[in-house]
Amino acid sequence: MSTSQVFKNTLVVIATLIGGFILLNTLRMLVVLTVAIILASALRPVVIRLTQIRVPEGLAILLVYAVTIILIITLFVVVLPPVVNQFANYLQNEDLLASRILVAQFWLQQRFETLTGSEISLIDPDQLRATIGDIVDQIRVSVPNVLNEASATLGEGVLVLVMGVYWLTSRDRAVNFLAELFSVRNREKVRNVVLEIESSMGTYLLGMVSVATFVGLANFIILSLLRVNNAPTLGFIIGATTMLPVVGGFIGGGLATLIAVLGSPLQGLIVFGTFVAVQQVETHYLTPRVMSRSVGLDPLLIIVAVFTGFVMLGVIGAIIAVPVISTIAILLRTLVFEPRRQEVNNYKVEHGAVLLSLDEIEKK
């Protein structure tokens, strides 16, 4: 190998390492940008409708984002304080938490003994109290880190909104700039690909929000009719976690059941039964329709994408995994698969004979 080749290869390796270092350190910012674009893609149709009724584009964008922010803040202010106050009391008085859990355990033990006709021994009360004390101590120690992480997440949420506003205002210029990098023949195709990606992202997010809203409202209405305490908060928890594909609903259902059990074992059982009933509608009817309309991906691929995103970036990674994999699928289909199909299928069959196209004959 010559000296110049060694020098070029060394430059390539160094450039690759530098690129990987930059990507690693800007990964969180790229995630924020991705979330901002997904949200902007979902809100863009509303902005377009407002501009069609002669509302200035800038004002339309500000109105849409202002309404979105107000809805989010109102939702959190209304539904979260009861549970936050409840857990704050438990952290201040761990004996109260232990007593609640022991009451729930005793209730379950009696029910099992009634159903089975035999004695059942669950967790020893002293051991349970010691375990709860250790868990509460760990939570107390981690509270400052949780608050710092919450502050960082809030800052990133504000950044998502700001980036989304700038994306909507500069979206057309960015798409035109991208299209001009290609030949005149392919520019319209580039614009169509960008529009399809935006439509897929926006439709997916709106669909998941619709599913989450239905699940939350359905659980809230049923729990309210059954007079379960904190029904709005429990419905919100189940609905919000449903936005995490595949596993989110089960996490939310388990958390809501646990919160209800601490108040009353019977209410915990009601919450669990309500969650299971609503989950059947969501799993077998709503979510498949949303997935098929928005991304059109195989369910196995969606599961792999969700778990990969969760391992890499946590909950946010799992949420954005489906739009990201959908974008990759659209690019592969447009840039690789469709051109290849046209290349290999450049013929037709008539009366059992293969007829080559003129282009194919010239190649021969």
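Here is a short question-and-answer tour of a predicted model.

Me: Happy to look at this with you! How many helices and strands does the secondary structure of the protein chain come to?
Reply: Reading from the N terminus, the elements run α-α-α-α-α-α-α-α-α-α-α-β-β-α. The two β entries sit just ahead of the final α. Counted up, the chain has 12 helices and two strands.

Me: What share of the residues in the protein chain is buried?
Reply: A residue is called buried when its relative accessible area is under 20%. The chain has 364 residues to sort by that cut-off. Buried residues make up 30%.

Me: And what part of the exposed area do carbon and sulfur atoms supply?
Reply: The protein chain exposes about 23000 Å². Of that area, the part supplied by carbon and sulfur atoms is 69%.

Me: Among contacts between residues at least 6 apart in sequence, what percentage join residues at least 24 apart?
Reply: Contact here means heavy atoms within 4.5 Å. Taking the contacts between residues at least 6 apart, those that join residues at least 24 apart come to 67%.

Me: Let's zoom in on helices H3 and H8. Are they oblique or roughly parallel to each other?
Reply: H3 covers residues 57-79 and H8 covers residues 231-241, and their axes are 9 Å apart. The packing angle is about 130 degrees. Angles over 145 degrees would count as roughly antiparallel and 65 to 115 as roughly perpendicular. The angle fits neither range, and H3 and H8 are therefore oblique.

Me: Which residues make that contact, and how do they divide into nonpolar, polar and charged?
Reply: H3 contributes Leu75, Phe76 and Val79. From H8 come Pro232, Thr233 and Phe236. The residues of this contact divide into five nonpolar, one polar and no charged.

Me: Why is H8 said to be largely enclosed by the rest of the structure?
Reply: The buried residues of H8 are Ala231, Thr233, Leu234, Gly235, Phe236, Ile237, Ile238 and Gly239. H8 is largely enclosed because its buried residues number eight of the 11.

Me: Which residue's side chain makes a polar contact with the side chain of Arg171?
Reply: Arg171 lies in helix H6, residues 125-179, and is buried at a relative accessible area of 8%. Leaving out residues up to four places away in sequence, Arg171 touches Arg44, Val194, Leu195 and Glu198. The polar contact of its side chain, at 2.7 Å, is with the side chain of Glu198.

Me: Is Ala260 buried or exposed?
Reply: Ala260 belongs to helix H9, residues 248-263. Beyond its neighbours within four places in sequence, Ala260 is in contact with Leu234, Gln267, Gly268 and Val271. Its relative accessibility is 5%, so Ala260 counts as buried.

Me: How far apart in space are Ala260 and Val228, C-alpha to C-alpha?
Reply: In sequence, Ala260 and Val228 are 32 residues apart. In space, their C-alpha to C-alpha distance is 8.1 Å.

Me: Now for the backbone. Is Arg54, with phi near 70 degrees, buried or exposed?
Reply: The phi of Arg54 is positive, in a residue other than glycine. Arg54 is found in the loop between helix H2 (27-52) and H3. With a relative accessibility of 80%, over the 50% cut-off, Arg54 counts as exposed.

Me: One last residue: what is the relative accessible area of Asn230?
Reply: Asn230 is not a glycine, yet its phi is positive, about 55 degrees. Asn230 is placed in the loop between helix H7 (184-225) and H8. Asn230 is partly exposed, with a relative accessible area of 29%.

Definitions and conventions: Residues are numbered from 1 along each chain as its sequence is written. Side-chain values use heavy atoms; hydrogens and water are left out. Axes are lines fitted to C-alpha atoms, for helices over the stretch in contact, and angles run from 0 to 180 degrees between N-to-C directions. Helices (H or I, at least four residues) and strands (E, at least two) are DSSP runs, numbered from the N terminus. Angles under 35 degrees count as roughly parallel, over 145 as roughly antiparallel, 65 to 115 as roughly perpendicular and the rest as oblique. Ala, Val, Leu, Ile, Met, Phe, Trp, Tyr, Cys and Pro count as nonpolar, Asp, Glu, Lys and Arg as charged, and the others, Gly among them, as polar. Buried means under 20% relative accessible area, exposed over 50%, partly exposed in between (1.4 Å probe, protein chains only). A polar contact is a pair of N or O atoms within 3.5 Å; within protein, one must be able to donate a hydrogen and the other to accept it, and residues adjacent in sequence count only if both atoms are side-chain atoms. Accessible areas come from the Shrake-Rupley method with a 1.4 Å probe; for residues, only the protein chains shown count as cover.
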